[in-house]
Every structure is written in C-alpha cells, then in structure tokens.
Amino acid sequence: MADDGIGASVRRKEDQRFLTGKGHFTDDISRPGQVYARFVRSPHAHASIGNIDTSAALSAPGVLGVYTGKDLAEDGVGAVPCGWTITQTNGELWNAPPHEVLATEKVRYVGDQVALVVAETLEQARDAAELVSVEYEVLSANVKLDQASNSDTAQLHESVPNNTCFVWGLGDEEATKSAFNRAKHIAKLDLYNNRLVPNAIEPRVALAERDSGDDSCTLYVTSQNPHLARVILSAFVGLVPEHKLRVVSPDVGGGFGSKIFVYTEECAVLWAAKQIDRPIKWTADRSESFLSDAHGRDHLTHVEMAMDDDGKFLGMRVDTTANMGAYLSNFASLIPTYLHGTLMQGLYTTEAIYCEVTAVFTNTTPVDAVRGAGRPEATYLIERIVDESARIMGLDPAEIRRRNFIPSDAFPYQTQVALEYDSGNYGPALDKALSTLDYKNFETRRANSETEGKYRGVGISSYIEACGLAPSQVIGSLGAGIGQFEAAEIRFNATGNVTVFTGSHSHGQGHETTFAQVASERLGVPIEDIDVVHGDSGRIPFGYGTYGSRSLAVGGSAIVKAADKIIEKGRKIAAHLLEASESDIEFTDGNFTVTGTDRSKSIAEIAFAAYVPHNYPLDEVEPGLDESAFYDPPNFTYPFGVHVCEVEVDADTGEVSIERWVAVDDFGNIINPMIVHGQVHGGIAHGVGQALLENAVYDESGQLLSGSFMDYCMPRATDVPSFEIGQTVTPCPHNPLGVKGCGEAGAIAAPPAVINGIVNALSSLGVTHVEMPATPQTVWQTIQNAKT
Amino acid sequence: MPTVSLTINGKKVVADVEGRTLLVQLLREGQRLTGTHVGCDTSQCGACVVHVNGKAVKSCTMLALQADDSEVETIESIANEGELHPMQAAFKEHHGLQCGFCTPGMVMAAIDMVNRIPNLDEETVRHELEGNFCRCTGYHNIVQAILAGSKAMQS
C-alpha cells in the first residue's frame with residue numbers, strides 16, 4: 001500500500017482552506033451589483049390568504065421589488081415537484097398536491113412564504129418585509145399525527161381527502177397473517193420516531209444572477225446535488241432552460257439530507273433575479289432554517305413480531321403513519337416507503353413480513369430525508385421489537401439476534417421486502433462488538449453502578465442499510481422520476497497532472513481526498529498532482545449528487561471506470577511510442593512497460609504525447625487524454641454492523657449518561673480509515689441526539705416551539721462519549737472498489753442502541769419502553785409510571 | 001452613520017457602520033473576511049468566534065461599534081506566513097473538521113481555551129466546547145485535536 005493510496009489515512013487535501021478561513025461557502029460569494037432578498041412568511045399554520053398590500057414596502061428605501069405568488073403565477077412559474085410517484089395498496093396513484101413557490105390561496109405551515117422583498121441592502125429588505133401587510137383568515141390547524149387522517153380534522157389540500165397522501169404496503173400480508181396464527185409468542189410495541197430538524201451549521205443560501213447578454217442564469221446554492229437542482233428548476237418549475245442555467249454549489253457546510261432538495265426560496269430568488277436583472281442573495285437566518293428546512297422522521301408505528309418457542313422470527317407486521325408536513329418535498333414519498341419498508345428484513349430470517357405506511361399531511365414544515373432517511377426509522381422499530389421479543393422470551397438480546405441472523409452462506413439473500421442482499425456476515429460483527437465491550441462481565445459493572453445508586457444498561461443495535469443509491473431501472477420501476485447513476489471525468493493536463501470531475505458532492509465527506517486516493521492508486525499519479533472538482537453544473541458532465549451513502553460506491557466507481565478508459569487509451573499510445581504490440585504493454589504504478597523489458601513510458605509522458613501529438617497514432621486514437629464515464633450500479637450496497645453502548649441512568653433525575661460506545665461496522669473495503677471513522681463518529685452523535693435530545697415540537701396551533709438553538713437541543717460535546725470504532729470487512733461483490741458507504745450508519749444504528757440500553761438499565765423497575773427523545777423528564781416520568 | 005475605528009488582523013480599519021451592524025457583519029461584508037461564519041441568530045453555535053483584545057468573543061453578539069479601539073483577530077490571521085498555527089495543524093492531523101463551517105470558530109475558541117487553561121483534559125475540553133456546535137464530527141476528533149493542539153502550543 002502506498003502512503004497515500006487506497007487504505008491509507010491520508011490527511012485531507014481540503015483542510016488547508018477550511019482551516020485558514022479560505023473556504024468558498026455560498027454566502028462568502030458576492031457578485032457585483034448584488035442586492036438582497038427577504039421572505040415574508042406566514043405566522044399562522046393554516047390560513048386563507050386575503051389581500052396582500054405591498055404598497056408601503058414598495059415605497060420603502062432601497063426596495064427594488066416586492067413579489068407575491070400572483071406575480072409568479074402570471075409568469076407561468078410552476079410548482080416544486082415530488083420526484084417519486086407512489087402506487088397505493090388499492091392500485092390507485094397517490095394524492096400529490098402542488099407546492100407553489102409562493103403561496104397564493106392558503107398558507108399551510110408557519111414559515112410558508114407569501115411574498116419576496118428585494119432591496120439594495122439586507123437591512124432594507126428586512127425592514128421592508130415588515131411593511132408587507134397580509135390579510136389572513138385563520139383556519140384550525142392539523143398538527144396531531146395520529147388524528148391527521150380523521151375526516152373532522154382540518155383539511156389542507158382540496159385534492160387530498162382526509163389529508164391522506166397515500167396508503168402503501170410492501171410484503172406478503174396473507175403469509176404474515178398466517179405466521180401470526182402459527183406463533184407461540186407475539187411481541188408488540190407502539191413507537192414514536194421523533195421529528196428532527198436537520199440543522200447543518202451552515203444555513204441555506206441562494207444567490208441568483210442573470211446574464212442579460214445571453215439570457216443565461218447562474219444560481220449559487222447550498223445544494224447536495226446541483227445538477228438535479230438544474231433539472232428541477234428548468235423542467236418542472238420552468239424558470240430557465242437547462243442549457244441556460246448553471247448551478248454552482250461550492251463548499252457546503254453540512255447537508256445531512258436537508259440540502260438535497262430544491263426549495264421554494266431558491267426558485268423565487270432565481271425568478272426575481274430575472275425580473276430585476278441584478279444578482280440577488282438570500283441567506284437563511286437560523287430561525288428560518290428551523291421553519292423551512294425539510295424536517296426528518298416523524299413516524300408513529302405499531303409493530304408486532306411473531307415467534308416460535310425458540311424465539312425464531314416467524315413474521316413481522318408494521319403499521320406506520322408518516323408525516324409529510326404541509327407539502328411534498330422532493331423525495332418525501334420515498335422516505336417512508338422504499339427507504340423504510342424495504343429494510344424490514346433487518347439482519348434476520350423473518351419468514352413473512354408486511355409493512356403498511358399511511359402518509360398524511362399536517363400543518364407543519366415539510367418532511368423529507370435527514371441522515372439515514374427511512375432506514376433509521378426502520379432500524380429503530382426492528383431493533384426495538386427484537387429487544388422486546390428477547391424480553392418476553394427471557395432470552396439474552398445478543399442470543400435472540402444470533403438465532404435469527406441470516407447465515408453467512410445464505411447470500412445473495414432474497415428478502416421478503418423486495419431487496420436482494422448481495423453479501424453479509426453478521427455473526428463476527430456482533431462477536432467483535434460484544435468482546436470489545438466485555439459484554440460477558442457486564443453484570444459485574446451493573447452491580448457496581450447499583451452500589452452508587454445508578455442503573456446501568458447495555459444496548460445492542462444490529463443494523464443493515466441499503467446504500468449506494470441506486471440502480472436506475474430498479475428505482476424507475478418503483479416510481480422514481482430520476483435515474484441514480486453517477487458521472488466522472490478524468491482530465492490529464494499536458495503537463496501530466498490531473499483534474500477529476502465528479503457528479504458527487506462533498507459537504508464534509510472529504511471527497512477531494514478519498515477520490516484523489518482512488519485516482520492516484522489507479523493511475524499511478526501522486527495524490528498532490530490530482531485535484532477533484534465537484535459542485536458545478538458548468539464544469540461537470542452530470543451528477544446525481546450526494547445522499548444515501550452513495551458517493552464512493554457509485555461516484556467512486558465512475559472514477560474507476562473513467563480511469564480504466566484512460567489506461568486503455570494510454571496503452572494504445574504507449575504501444576505506438578514504444579513500437580510494441582498493444583497486448584504486450586503492461587500498466588503498473590503509473591508506467592506503461594513492454595512486458596519483459598525495461599522499455600517504459602510514464603503516464604505523464606503519454607499525456608504529453610496526447611496533447612502534442614507529433615509522434616502519435618492519429619489513425620487509431622484521438623489526441624488528448626480526457627475520459628468520461630457514467631456508472632449505474634447493478635444493486636444497492638448493504639453496509640451492516642453492530643453498535644453497543646453502555647448507559648447509566650440516574651433514577652432520581654432521569655438523566656442518562658453514555659459511558660461507552662463500541663461500533664463494529666462493515667463498509668466493505670475502506671479507502672481512507674480516518675475519514676470513515678469520522679463519518680461514523682458524526683453519525684452516532686446525530687443518532688444520540690435523536691435518542692436523547694432532539695425533538696421538533698409543535699403546539700396545537702401549529703407554532704414550532706423548538707424553533708431555535710435555545711429550544712431545540714443539539715448534541716454538544718458533553719452529550720456524547722468518545723467512540724470505539726472497529727470494522728469487519730465483507731467487500732461489496734458488485735462494484736469495482738468493493739465499497740459500500742458509511743455516512744449514515746451511525747445515525748441509523750445509534751437510536752435503538754441508546755433506547756435498548758436505557759430499557760435494559762431500567763428493566764428491574766418494570767420499564768419496557770422509553771420514548772425518544774429520552775430526556776431526563778421523559779425517563780423520570782417513565783420510571784414513575786412503571787412504579788405505579 | 002457613526003464611525004468605528006479598530007485594528008483587524010494588525011491592520012487599522014476605519015468604517016462607517018449602522019448602529020445595528022454586528023461585528024461579524026463588519027468582518028464578513030465590510031472587510032470581506034469571510035472565514036468567520038454565521039450559523040445561528042441566538043449566539044449558540046459559535047461559528048463566529050473571533051478574538052477581541054485576545055479573548056474569544058462571538059462576533060454575532062457584539063455590535064461593530066462596541067469593538068471601537070479594539071484589536072480583533074480572525075481565523076485568517078493566525079497562520080504564520082503560510083505555516084499553520086499549531087491548533088490549525090492539530091485539527092488537520094486529527095481530522096477535527098469535516099464540512100469546515102464550524103471550524104474557524106472551533107479553532108479560535110480552542111486557542112482561547114489553551115490560553116486560559118494550561119493543562120487541558122478531555123472532560124474540560126468537552127465542557128469548554130459548550131458554546132460551539134459541530135454537526136459533522138460528533139466532537140470526538142475535535143477533542144483529540146484540541147488536546148494535541150494544546151500540547152503543541154505549549155511546547
């Protein structure tokens with residue numbers, strides 16, 4: 001292994017600029033003549049819009065324009081689409097109401113946008129926005145998930161009876177019924193998967209500029225997938241033809257799913273930039289982020305597990321109500337269905353499964369993907385019902401998992417819920433995690449804690465995820481309106497250094513380093529001579545961006561494919577220069593060599609020859625050394641692992657302290673262990689945040705009560721422990737790097753590990769479940785309830 | 001419009017500002033020192049930490065006019081002629097940053113931490129980081145970086 005090749009913890013190339021304050025975040029960009037936008041947002045969760053009086057705002061100092069939904073409608077601006085069509089259990093299509101860029105008839109959540117003010121300075125825009133007078137007729141709000149589909153609950157959209165977007169099912173309902181009829185034991189749980197605010201530390205920003213010379217536009221935006229944004233903004237919202245729109249998402253300060261989507265704000269700003277012909281910048285303040293970034297999770301679930309006398313899983317049924325919020329965000333319908341229902345097999349041989357999901361609208365912020373997206377919800381309910389199953393069977397939670405793991409010789413494994421797991425070997429991950437934790441001596445530690453008046457518990461979470469999104473034809477058959485291949489271009493410059501263009505997008509994942517390692521190893525070019533470019537539709541052929549832990553498995557594979565094309569062409573050029581047959585040319589460590597001789601040309605020499613083609617096989621190959629590749633994966637990847645934690649609960653205060661965290665993940669081959677560990681750390685902290693701290697809470701009128709960092713509890717450094725990270729390695733069999741994806745694992749694994757640990761700690765008190773977030777108040781109340 | 005006169009990264013700056021202009025706005029918009037970031041509007045996240053007269057300050061919580069006559073240091077000034085400050089180097093070595101957005105505030109807070117507390121341990125570092133959010137790293141590597149940076153600064 002080279003010092004900077006595959007498998008080395010290369011220090012990151014991108015760090016220099018971030019550490020010296022020279023990053024290029026969207027809000028850092030200012031364009032000549034730039035002006036500022038401010039949105040007028042609804043203070044009501046549900047109201048009819050009457051007259052909107054913009055006259056005072058229009059005459060305020062510095063104001064250049066005030067626009068309402070009517071202006072956009074008159075100009076033919078379209079709605080923001082949801083890209084995944086759902087076919088319901090009754091065979092009918094879903095109810096997908098339009099999401100207008102600026103609301104015209106009704107507002108449907110606090111923060112819904114009704115007008116846009118543009119002014120010379122941000123302060124002037126803010127001041128003028130206060131002067132826009134909107135008449136509202138306030139309607140009753142629908143905010144309770146369990147009541148959203150009642151006929152007497154306030155109805156959000158005329159076209160959506162009972163606020164029900166769809167009822168969708170996956171699995172074999174009859175077989176599952178029969179499994180429950182045969183069952184000797186049935187475990188049951190009701191669970192709430194709490195609503196999360198994504199809270200990337202960089203707020204969203206959109207800076208739109210029109211070039212009147214050729215009537216083109218550039219949108220600088222905090223996006224995880226600029227090319228897809230370009231498609232949606234052109235083809236669906238109809239703002240600028242695709243070939244006239246460049247979307248740039250430079251350094252992006254964290255995404256966690258929330259920056260996948262095209263939001264109404266960037267649509268409005270782009271449209272307004274065309275009207276005013278000045279660059280317009282909108283930067284969300286944090287209060288706006290809380291209100292308008294798509295939230296995550298928010299599922300109510302009833303789950304049951306049917307078992308035989310040995311604790312073998314015969315059947316599982318799941319009934320989930322998923323909150324869509326007020327409108328369908330771009331991928332809202334995908335999350336509780338094909339990223340959730342398809343995971344119900346977990347790591348187990350459960351013989352029959354049926355999962356039904358009812359998706360409903362409420363007067364709350366739209367809900368979409370947040371780190372893990374559907375898979376944390378699935379893993380939470382599976383790993384909770386597995387622990388509950390162990391409890392009613394009197395089995396050790398590790399033992400019931402072992403009894404039900406899919407055996408290592410059963411792969412590829414066809415699940416009951418559509419996916420085919422390509423590979424897996426679960427036992428060793430569990431063994432390694434338990435031995436690292438010293439599980440066998442846990443009871444001694446529990447007893448020691450007890451002497452100090454504390455309740456100690458151990459929580460196990462064994463997870464699988466479907467990553468590397470996704471085989472385009474598979475997702476197309478399931479309702480996706482997009483493909484999910486990835487693009488790469490490798491451009492050798494004449495002097496031998498290399499630029500790699502990727503359709504993936506890095507917003508913290510370290511692609512500039514990992515992808516350079518891949519290219520370096522493949523091409524034999526030193527890593528310092530390779531630059532990776534992402535996030536610009538003007539420079540990169542195409543891309544589906546970064547989410548679903550797809551970048552290395554799909555984007556990295558595209559780079560490998562492009563590198564192989566470079567080598568193939570280089571071999572022809574080398575054969576010519578070395579006056580040998582192409583079949584006699586070997587390529588190793590950056591050199592083309594005639595087999596069995598010392599006659600050799602470096603890849604840099606080949607590149608030079610390709611750009612100065614004097615002595616060159618022009619009849620066989622074209623000049624230049626620049627190859628593109630598109631890689632469409634044949635299957636998802638299936639990372640898995642086991643996380644175990646030890647918690648200590650103070651029963652007097654309800655406070656939970658995480659004493660240890662051991663993670664054993666299987667991501668297949670690893671390119672950069674340092675970066676992978678960092679991804680796992682961050683994921684766990686996100687999951688611990690969900691389990692213990694974070695909750696988006698609405699009051700009955702639909703006001704977001706936890707709408708700032710003072711009210712919404714983000715994980716701080718004192719809330720998480722140091723993590724002990726380990727791996728097993730089961731390479732993915734179907735991509736050239738044997739890699740799977742690691743960015744979401746921690747957020748998927750962590751919540752059930754924490755809750756299982758708390759329930760384990762309090763089992764002697766009769767506690768069988770604790771809702772998330774397990775705040776001191778919730779834990780204390782749960783203990784009191786168990787006592788009575 | 002009132003005038004503020006201060007030193008920013010060793011350079012004398014005189015600027016006309018509105019009374020409501022925040023120090024961070026003066027830095028980012030007035031001086032184009034965009035390394036200092038804004039991540040919230042309630043002084044919780046710490047992405048905007050700079051040094052004012054040698055002490056860590058959230059520059060979103062201070063009016064530009066309050067910085068009159070002050071010496072302000074930002075992330076742009078702490079590397080020495082291209083060589084990273086020991087705390088910056090430690091963040092790189094220990095992978096204490098991912099997206100990089102909270103990083104300038106983290107580094108400035110960390111240097112201040114070392115200046116105030118000579119013998120940092122993990123518990124103290126975690127406690128001291130209460131005013132700095134990171135959504136990417138889970139803090140593990142930030143803590144390692146600050147402990148290592150602390151040692152390097154004192155050697």
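Modeller: Before we walk along the chains of this predicted model, one definition is needed: helices are DSSP runs of H or I with at least four residues, strands are runs of E with at least two, and both are numbered from the N terminus.

Colleague: With that in hand, where does B:Asn9 lie?

Modeller: B:Asn9 sits in the loop of chain B that links S1 to strand S2 (11-16).

Colleague: Why does B:Asn9 count as partly exposed?

Modeller: Its relative accessibility is 23%, and since buried means under 20% and exposed means over 50%, a value in between is called partly exposed.

Colleague: And what is noteworthy about the phi of B:Asn9?

Modeller: Most residues other than glycine have a negative phi. B:Asn9 is not a glycine, yet its phi is positive, at about 50°. B:Glu81, likewise not a glycine, has a positive phi of about 45°, and this residue belongs to the loop between strand S5 (71-73) and helix H2 (86-93) of chain B.

Colleague: How do you know whether B:Glu81 is buried or exposed?

Modeller: The relative accessibility of B:Glu81 is 79%, and because the cut-off for exposed is over 50%, B:Glu81 counts as exposed.

Colleague: What makes B:Pro2 partly exposed, and where in chain B is B:Pro2 found?

Modeller: B:Pro2 has a relative accessible area of 35%, which falls between the 20% and 50% limits and therefore earns the term partly exposed. B:Pro2 belongs to the segment that precedes strand S1 (3-8) of chain B.

Colleague: Which residues does B:Pro2 touch, once those up to four places away in sequence are not counted?

Modeller: They are B:Ala15, B:Asp16, B:Val17, B:Gly19 and B:Leu65, where touching requires heavy atoms within 4.5 Å. For B:Asp16, which is 14 residues away from B:Pro2 along the chain, the C-alpha atoms of the pair are separated by 5.6 Å.

Colleague: How are the elements of chain B ordered from the N terminus on?

Modeller: The order is β-β-α-β-β-β-α-α-α-α, which comes to five helices and five strands.

Colleague: How do you know how compact chain B is?

Modeller: The globule rule gives 15 Å for 155 residues and the radius of gyration of chain B is 15 Å, so chain B is as compact as a globular protein of that length. Its C-alpha trace spans about 45 × 30 × 25 Å along the principal axes, and 57% of its residues count as buried.

Colleague: How does the radius of gyration of chain A stand against that of a compact globule?

Modeller: For 788 residues a compact globule would have a radius of gyration near 28 Å, and because chain A has 27 Å, the two agree. Chain A has 19 helices and 28 strands, and 65% of its residues are buried. Of the contacts in chain A with a separation of 6 or more, 80% are between residues 24 or more positions apart.

Colleague: What makes a set of residues a nonpolar core, and which residues touch the most other members of the largest one?

Modeller: The members must be buried residues of kinds such as Ala, Val, Leu, Ile, Met and Phe, joined through side-chain atoms within 4.5 Å. The largest core here holds 221 residues, and those that touch the most other members are A:Met344, A:Trp661, A:Ile758, B:Phe91 and B:Ile146. Helix H18 (residues 745-761) of chain A supplies the largest share of this core, with ten residues. A:Ile758, leaving aside its neighbours within four places in sequence, is in contact with residues including A:Val647, A:Leu692 and A:Ala774. A second, separate core has 48 residues, among them A:Ala519 and A:Leu625.

Colleague: What is the omega of the peptide bond from A:Phe411 to A:Pro412?

Modeller: Most peptide bonds are trans. The bond from A:Phe411 to A:Pro412 has omega near 0° and is cis, with A:Pro412 in the loop between helix H10 (397-404) and strand S16 (413-414) of chain A. A cis peptide bond also joins A:Leu469 and A:Ala470, where omega is about -5°; A:Ala470 is in the loop between strand S18 (455-464) and helix H13 (472-477) of chain A.

Key
Residues numbered from 1 in each chain as written. Chains lettered and ligands numbered in written order. Predicted model: local features only at pLDDT ≥ 70, side-chain atom pairs only at ≥ 80, totals over all residues. Heavy atoms only, no water. Rg over C-alpha atoms; globule rule 2.2 N^0.38 Å. Buried < 20%, exposed > 50% of the residue type's maximum accessible area, 1.4 Å probe, protein only.
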